Amino acid sequence: MTTHLSRYPLMWGETPLHRLHGLERMTGLEECWVKRDDLTGIAFGGNKVRKLEYLLGDALAKGCDTVITGGSPQSNHARLTAACARRAGLEAWLCFAGKHMGIQQGNLLLDHILGAEMKTTGVYGSEPLLEEMEKWAEEARQKGKKPYVIPVGGSTPIGDYGYKRAWDVLLDQLSEVGAHPESIVLAVGSGGTLAGLLAGKALRPAPIKLIGISVWLKADELTRVVVRMANDLLAFLGSDRRLSAAEVHVEDAYIGKKYGVPSDAGNEAIRLLARSEGLFADPIYTGKALAGLLDLFHRCRIGSRVLFWHTGGTPALFTHAHSFAREG
Ligand SMILES: *Cc1c(COP(=O)(O)O)cnc(C)c1O
């Protein structure tokens, strides 16, 4: 494995791994750990920072001065890309799905404060958005800029490598604290985070199940996406190891109405975590993932020693304030 990747350091150190005793008491879980990637150290944190360390490392190595990415107007990935680009001294251009920006709260508010260039595209989905980003990059080149395009979610082999590395870090942290979770549960959107962890596990096996809770795609489609991403990363790293669909476990029962809309179960999980731990999850990703974790446990589909990988997203709480108004 000779691939050399430049890393632009954005984290202040490794994120904490700690026990959730309060949640254990309220749920009957025997051991519940949390990996705090909501604390990745910049702009309210989140999982995209691990990807951006390598994506921006690549952008800087290539002498780029402008980062172009996209997502929904409330995209955590867009907010973190804008913040990390600023920190690296680069411009950030954000290409949004749909025709309307929507409410200037949460992530979109932060994008404004960060001074990101923003536009709506009228298109939806990762592929059409990538085409829009490429078109914008062409315009940027004509203006004499050197753009670096990052696909939706930052899920490329270079970005996903951040989570291959996170797997190695986690195994070391687990042995330091003497934790033995049977499963790790995390929210899955574009798929790169789970793919990076699975590639890490393929290269350094451990008896821990990785369970992805989809917030967007149906399980069969998401499985295909994650297998392809994990295998692209393994190939990129020069490994001969390949994953099959049977090695990928994703659940699509916790999406609720659709992507970007809070679910009752997700919001209930957010309240439970807040009231047992003083810790916040978000209504679009991590609340739904925690609802999935608890439901899988209650239905005995997973054991009672679990790790919840908190991937961030908390600015969305403010965007979706109304979804909490119903409860007393
Ligand atoms: C993007 C995101 C995810 C999902 O990560 P993917 O690599 O896109 O699957 C999970 N949680 C939060 C808060 C996110 O912003």
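Start by selecting residues 12–312, the stretch that an unreviewed UniProt entry annotates as "domain: Tryptophan synthase beta chain-like PALP"; such annotations may be inferred rather than shown by experiment. You're looking at a predicted model, where local features need pLDDT of at least 70 and side-chain atom pairs count only at pLDDT 80 or more, while totals for chains, interfaces and linings use all residues. Numbering runs from 1 along each chain as its sequence is written, and side-chain values use heavy atoms, without hydrogens and water.

Color by secondary structure (DSSP runs: helices H or I of at least four residues, strands E of at least two, numbered from the N terminus). Over 12–312 the chain is 45% helix and 16% strand.

Now pick the ligand. Among the closest of the 16 residues around the ligand (a heavy atom within 4 Å) are Ser 190, Thr 193 and Thr 311. Show polar contacts (N or O pairs within 3.5 Å): to ligand oxygen atoms, Lys 48 reaches from a polar side-chain atom at 2.9 Å, Lys 51 does so at 2.7 Å, and a backbone N or O atom of Gly 191 sits at 2.8 Å. The protein covers 98% of the 380 Å² of accessible area (Shrake-Rupley, 1.4 Å probe) that the ligand has on its own. Elements giving two or more residues to this shell are α2 (48–61), β7 (183–188) and α7 (192–203).

Last stop: helix α4, residues 106–113. Its buried residues (under 20% relative accessible area, 1.4 Å probe, protein chains only) include Leu 108 and Leu 110. The buried residues of α4 pack (heavy atoms within 4.5 Å) against α3, β4, β5 and α11. Just after α4, click Gly 115: its phi is positive, near 70°.

Methods. Buried < 20%, exposed > 50% of the residue type's maximum accessible area, 1.4 Å probe, protein only. Polar contact = N/O pair within 3.5 Å; in protein donor to acceptor, adjacent residues only side chain to side chain.
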